[in-house]
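Colleague: I'd like a close look at the helix packing in this one, with the odd backbone spots and the chain contact thrown in if they fit. Could you walk me through it?

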Amino acid sequence: MENNIQLLLLCALPMAAALACYLLAWLAPATARRFNGPLGAAALAGSSLLGAMLWLPLAGANVAASFSRPWVKLPDTTTLLMSGGQELFLSIPFALRLDLPGLLFAITTAGIGLAVLLYALRERRDDERRGLFFAHLTLFSAAMLMLLCCDTLLLIYIAWELMGLCSYLLIAHRATPLARRSARLAFWTTRATDFALLIGIIILMANFNVTALSGLNIAGFYQRAVELGVSHAPLEAWFGTVGILLVIAAIGKSGQFPLCFWLSGAMVAPTPVSAMLHAATMVAAGPYLLYRMSGLFFSGNGALWGGSEAAMLTACLVGAVSLILCGVMALCADDAKRVLAYSTASQLGLAILAVGALSEGAAIWQLTAHAWAKAALFLGAGLLAASLPGHSTSLKALAGSARQPLLRLALVLAALSLAGLPLLPGGQAKDSILHALWTRALVQLDPATGTSLGASFPLAQAGWTVSAVLLLLSVPLTAAYLIRLVGILGWGKPVPAAAAVAVSGDAAVEAAEHSTGAAAPSPGLTQGWGLAKGLVIALSLFGTIALALLFGPGRLSTRLPLIERPWAWAGEGSPTAWLTAAASLVFILGGAYFAWRFNVARPDEGARLLRDGNLKRTVAYFRNGMLLRQFWEKLAGRGGWLLAQTWSLSDRRVVDALVAGALSKLGNGFSEGSRIFDKRVVDGARWAFCEFWWWLRRLHQRLLQTGYVQHYMFIILLGAVVLCFVVLRPLGDTFKSILGRR
Amino acid sequence: MEQFSVGIFEKLQNFLIWAANPISQLLLFPLLGCLLISGLKPGNLPRIRFYAVLFSALTLLVSILMVTGLPEGLRKSAPFFSQYLALQPDAPPQFGLPADQYKWITIQYGEHQSLSVNWNVGVDGLSMPLIVLSSALFLGATLWGLSRKEQAREFYALLLLLQVGIGGVFVSLDFILFYLFWELMLLPMYFLISGFGKERVAAQRAAIKFFLFTMGGSVFFLVSAIAMKVLSNIYSFAIIDICMAAIDPDKMGYLPLALRTMMFVGLLLAFAVKIPIFPLHTWLPDAHTEAPTEISVILAGIMLKTGAYAMLRILYFAFPDVGYAVGPILATCAVISIVYGAAITLAQTDFKRMVAYSSISHMGFVVLGISAMNVDAMVGATFHMVGHGIIIATLFFLSGVLERRYGTRDLRQISGMLKLAPAYSPFLVLAAVAGMGFPFLAGFWGELMVLWGSFYNNPNWESVRVGPLDGATYFQVLAVTACLGILTSAVYMLRMLVRVLGGPAPSLASQQYEEKLPAMAQPVLLAGTEPKNPQQALAWAGLSGSPMAASFELEAADSAAAAEQAALDSGAGTASVPLDVEDAPQPKVWRGMRLNEALVLIPLALAIIILGLQPSGLFAMSSSLAASMMQYFLAF
């Protein structure tokens, strides 16, 4: 395959710019403050341009651009054993590969990154540390682009981790205690789930010798199993395991249900960071990776297919539960940025659900639609907050602040696209997923083979049914929180600023943090914000109408026949599709009506509803993110801390005491033993020896020295006899033998 | 007996041949430096420093030349260079002298039987990276403490002697020689910890603890080695001979597994104390905390690796079948080291103690890799030895910076390094992030390969039972558990970074560390002096922590204005105390760092990045050895 230099540049340009930014920030901070922003923006503009230039050739031929060159040679056991000791190294290439959906999202990332950097240039004008800030932002986009482009599994992991680090640096940018805490929480949460990705990659590399995604031909593995005449159940089990591990990684990275607390905590960061984190980078990585590896969930090749029910079910349930619960949290939140944060978790849940529903193309379309609309909404909210004293982002403070018609239009368009109005990109994606779910669950079809999918995957079928119902329920919910948001922003009754700060819980602390945050520009929209406003409007218009016209899967864009769209809707134009769209339209209108009525048209009625005790408590519970943060902090933070302290103490008191104690006991025992031995045995022997001589002497005195001569003579005689027998006889024998030998 | 008939000329010639050998030079240069420095007067600081730097630099040069080799023309031109061929990692140990030249001690008994202890040395792909790392870190340690004044002579002499010991361990291929160098490491290290620590009493206690633990292990080493020799009934102490005899059914292979396991455990005890593995680790935090900065670097960077090196070189070579039997237990201890060490690291408040515990956790990966007995894991272990050596050395060097700047290592009191000493902070960030096992940096590949090796194992593990599981599955479980350790490393490293870098820098008024600053900073702090040039002003300002001069914006490029401001800040215009340049030489400063420290830190940082970006070279060093060992293991 030919090496595509444009692709390399698309990936490497922002990375190089980020490195240059860091070097500048270290070597010449003053220059860095001035030039880092434009440098990063230029690199991202270059990337978007390269992406656009890649689009037409790629779309015309419907091929993937790729780039590959040798990188690392890993010594590997499997290779060694397979080759019978001939080959030792598994070479891991530096491989990039971008297919059409990937390219669509790469253009999205680079474009939104550019817009965010331009916005940040205005917003961070007075920030002392903006040199590093722009460097982080550029690196963040660069890492995401790398993740999108990379084919090599290890490089994907690297980009994945790099994003985690960037998110930490950016969330902590305000350097207040709250910001630091949120940043650490975000980093640790994502890092904890990153190991799922690492283990998944290791399983793929170690068990299947797959180093790059393009080598992950799962259908081929199934085919080979059939050719060898073995069951492919173990293969399905392995791939399903990896699939579930990937979903776990996505739960962390994309802030899905049980771990969604870090996303809302990340709202401490400045607006550009939130926009970038939520729209183009970081959170989109999870569903994108699932899209790239969707073969793990289900893979078919003609009549031959295999898939893991457990993985599909996990993806469906994780997605659907996040979709609903985070949607409820968004509805209950009272801070504009928090509404948007929870809505991100909810919308990305939809993308993960799409992968579980085996319509991964729709996942990419959902990601793209969400990214543009969310970027517009975040930057819009930030823009409005910048005009307030204290930069509060609470809904009460922001009520009615979007008075300019164009801005209002932009926000409403973006919100409607997110809410899934048919014909807008978000609506196309959602309807496509909904359609896929309920046709898969109920109609039981597999268009490729004619075999029935639902019948072969009963568990997954149950998952599809449940999540179709949940998705349908989430439609009015999504519409409600988005209409509530833009309704309050555009048409709400303004309240005095002093009262606006009086909000409860974390939001209050956060509001205080915001007001004391570094580098606050003077209140009111002063000059220079015109460009930022234009950006928001452009983002919204492009992300809704132009996107649908240019790239959309629906009927609108059939006038551009040259584009083959992998995210095209399978049932497009069929009666079931019209039914789906009509149903979701009705649900949207219903949700929107209630949101408008209780928040904008009759806010007092809404307030009265909330005054009711039970509902109030429920709303407060969801507003605080279902206390998930507190739960995890208690469980992991406090628990880990206790464990660390206990073990640290026991290491000195118990392990050290035991080992060193045993050692010293051994030494002491040895020396003490020697002392006792010396005293009892060695000394005792000396004593016994002396005693013996003493006794001999006494014997001598008592028995021998009698004083009689005849006694003495007798003893001498006795001695002579003994001498003769004991000494002389053997001596004689010896002489005899010597002589005899002669 | 012909040895006695050799004339003085032949002896000299033999010596010259011996001295031209690169391995001899590797040991000879530090030894020579040690002797020369010992002969100097204690006050002769310039000469002491010169010799210390010269001989460590020469040793580093020798070890680098052993890898690269000299071009042929140069090798031909002088006999002294003739033996500098390039290292071939896939060949058996190189650079040794021919067998007839390395006779050292020979005990003749009987007519044809002699027992000889030989000068049997050589290096291969396993030991060479560690030798280069060791020489580099010794040069770094020498450069780092160049401003040391008290007992400099003793310090450098001992440091060079230590280098002889450590180099000897990595090159010796004979049991007795190995044991000699193994013990030679111990003695200078003991004196360096006990004699040069900050707090005498605690340092002496820590040193004695270190000494006793290590000696306790070494005793078992000696017993096992003698048992191996006696039972194998061969007449050589060469590691290769004894190890081959250990598996030869005619010599030692007939011995029951229990006895061989006992010998294995005896050797393992000696090595496990050095590494250290879980229950034997408690000497390490104390020794690290009390030792001076440079010694902590050597201890963690190199000395811990000798244990793991010996495990690969001797233990698994001699007892592969015992390795299968004991492996799961050893690997369990390793994973306990990883997780337990990491959890304890979380609770530490002392910077050095924290880094010390983290190195227990990281060395666990090395042991896990060795005990998995396959190519990936073994190569991962050897890679991690080098990668971790570099990272941990950087962290310990930076602990020296913190100690000097803040007068304490207590993480609860240290803050604002980004403002106080901005030039050092990129290095701290880099080392800490690499210590988390972050991809693209040196700490990543070792951990990855060890995990990988634990996931796809030596096929022989499938027939080993560990409780309800088979060995292969058990290792997979261990690998997943070990991930907890990496995760925890992210937590403690990040917490450390946040505490050290962020927050306010200590202000001049409130700081308690003036008296602990080096004497040359005192006049600046107390009376204020006219700086001679901008660089000096920067140095003093950096030392005195003047908020203006030490802020992040400060840089050498436009330092003139800042220098004036710094001079104003430090009370220019008051009576200037003339500073005696001879007595208190100002350390040279480069971009806010002392020059010698920059010279140490920048190469280390580059090594961290380069090893992370392109690890293939280092992989290639040890992989062919690992492959042949793996195929050897497969036979059991």
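Modeller: Sure, I'll go through the helix pairs, then the loops, then the interface.

Bear in mind that this is a predicted model, where local features need pLDDT of at least 70, side-chain atom pairs count only at pLDDT 80 or more, and totals for chains, interfaces and linings use all residues. Residues are numbered from 1 along each chain as its sequence is written, chains are lettered from A and ligands numbered from 1 in the order in which they are written, and side-chain values use heavy atoms, leaving out hydrogens and water.

Let's start with H15 of chain B, residues 375-406. (Helices are DSSP runs of H or I with at least four residues, strands are E runs of at least two, and both are numbered from the N terminus.) The axis of H15(B) comes within 7 Å of the axis of H18(B), residues 442-455, and the two cross at roughly 155°. Axes here are lines fitted to C-alpha atoms, for helices over the stretch in contact, with angles running from 0 to 180 degrees between N-to-C directions. H15(B) and H18(B) are therefore roughly antiparallel; under 35 degrees would be roughly parallel, over 145 is roughly antiparallel, 65 to 115 roughly perpendicular, and the rest oblique. The crossing of H15(B) and H18(B) is left-handed, meaning the near helix is turned anticlockwise from the far one by less than a right angle, with clockwise being right-handed.

On the H15(B) side, the residues in contact (heavy atoms within 4.5 Å) include Gly380(B), Phe383(B), Gly387(B) and Ile391(B), and among those they meet in H18(B) are Trp445(B), Gly446(B), Met449(B) and Trp452(B). By class, that contact has nine nonpolar, six polar and two charged residues. Nonpolar covers Ala, Val, Leu, Ile, Met, Phe, Trp, Tyr, Cys and Pro, charged covers Asp, Glu, Lys and Arg, and the others, Gly among them, count as polar.

H15(B) also packs against H24(B), residues 595-613: their axes come within 10 Å and cross at roughly 145°, again left-handed. Phe383(B) and Ile391(B) turn up here too, along with Val386(B), Phe397(B) and others, meeting H24(B) residues including Val600(B), Leu604(B) and Ile608(B). This time the tally is 13 nonpolar, one polar and two charged.

Elsewhere in chain B, H10 (257-274) and H13 (320-346) have axes within 10 Å of each other, crossing at roughly 55°, so the pair is oblique. H10(B) passes H13(B) in a right-handed crossing. Phe264(B) and Leu268(B) are among the H10(B) residues in contact, and Val326(B) and Leu330(B) among those of H13(B).

Follow H10 out and you reach the loop to H11 (283-290) of chain B, which holds Pro276(B). Ile275(B) and Pro276(B) are joined by a cis peptide bond, omega about -15°. Over in chain A, Met282(A) has a positive phi of about 40° without being a glycine, and sits in the loop between H11 (271-280) and H12 (285-292). Most residues other than glycine have a negative phi, and most peptide bonds are trans.

Finally, the interface takes 59 residues from chain A and 69 from chain B. Its one salt bridge pairs Asp656(A) with Lys209(B), closest N and O atoms 2.6 Å apart; the cut-off is a Lys or Arg side-chain nitrogen within 4 Å of an Asp or Glu carboxyl oxygen.
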